[in-house]
Amino acid sequence: QLQLVQSGGGLVQPGGSLRLSCVASGASIDHYTVIWFRQPPGKFREGVECFGKDGEIINSADDVKGRFTISRDNAKNTVYLQMNSLKVVDTAVYYCAATTVPCTEVRGGPPYYGIPYWGEGTPVTVSS
């Protein structure tokens, strides 16, 4: 059974950076597509970045292009979300999630998008 444990959130000033980690156990992370989602206060959960099990990367949120980067370290069984030039609107609870289908075949709507494995969520607050 795949389990995902997140770390790396917190409070940061606008313009700052954070790196979120999603550590997998129980299976190899490279057998799964991993997606970072976020849920801003009072809003639906939305996809941010997707790292497919075959290595494809899809950016799901236009407003993070050029600022957020998803990556995978197979040796550490970890997927990261590097977030730079953070804005107040990036404030949200961030979740990593894993599924066995490619990024382009994720179906379903919020909150769980038909995805079976989820991390516990980590809050990110961008504020001065």
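**Exercise 1. Locate P111 and describe the peptide bond that leads into P111.**

Step 1. P111 sits in the loop between strand 9 and strand 10 (117-118). Strands here are DSSP runs of E, at least two residues long, numbered from the N terminus.

Step 2. The bond from P110 to P111 is cis, with omega near 5°.

Step 3. Set this against the general rule: most peptide bonds are trans, and most residues other than glycine have a negative phi.

Before going on, note that this is a predicted model: local features need pLDDT of at least 70, side-chain atom pairs count only at pLDDT 80 or more, and totals for chains, interfaces and linings use all residues. Residues are numbered from 1 along each chain as its sequence is written, and side-chain values use heavy atoms, with hydrogens and water left out.

**Exercise 2. Find the loop that holds Y113, give its phi, and decide: buried or exposed?**

Step 1. Y113 is also in the loop between strand 9 and strand 10.

Step 2. Its phi is positive, about 55°, although Y113 is not a glycine.

Step 3. Y113 counts as buried because its relative accessibility is 15%. The cut-offs: buried is under 20% relative accessible area, exposed is over 50%, and partly exposed is in between (1.4 Å probe, protein chains only).

**Exercise 3. Place strand 8 among its partners.**

Step 1. Strand 3 (residues 18-25) pairs with strand 8 in the antiparallel sense, over six bridges. Two strands pair if DSSP finds at least two bridges between them. On this side, V23 has T78 as its bridge partner.

Step 2. Strand 7 (residues 68-73) is also antiparallel to strand 8, over six bridges. Here I70 stands opposite L81.

Step 3. Strands 7 and 8 form a hairpin with four residues between them. In this hairpin, N77 takes a positive phi near 55°.

Step 4. Now check cover. Five of the six residues of strand 8 are buried.

**Exercise 4. Describe S85 and K87 in the loop after strand 8.**

Step 1. Both residues lie in the loop between strand 8 and strand 9. Strand 8 spans 78-83 and strand 9 spans 92-99.

Step 2. S85 is not a glycine, yet its phi is positive, near 50°. S85 counts as partly exposed because its relative accessibility is 42%.

Step 3. K87 is partly exposed too, because its relative accessibility is 41%.

Step 4. What does K87 touch, leaving aside neighbours within four places in sequence? R67 and V126. Contact means heavy atoms within 4.5 Å.

Step 5. Q13 is 74 residues from K87 along the chain. Their C-alpha atoms are separated by 8.1 Å.
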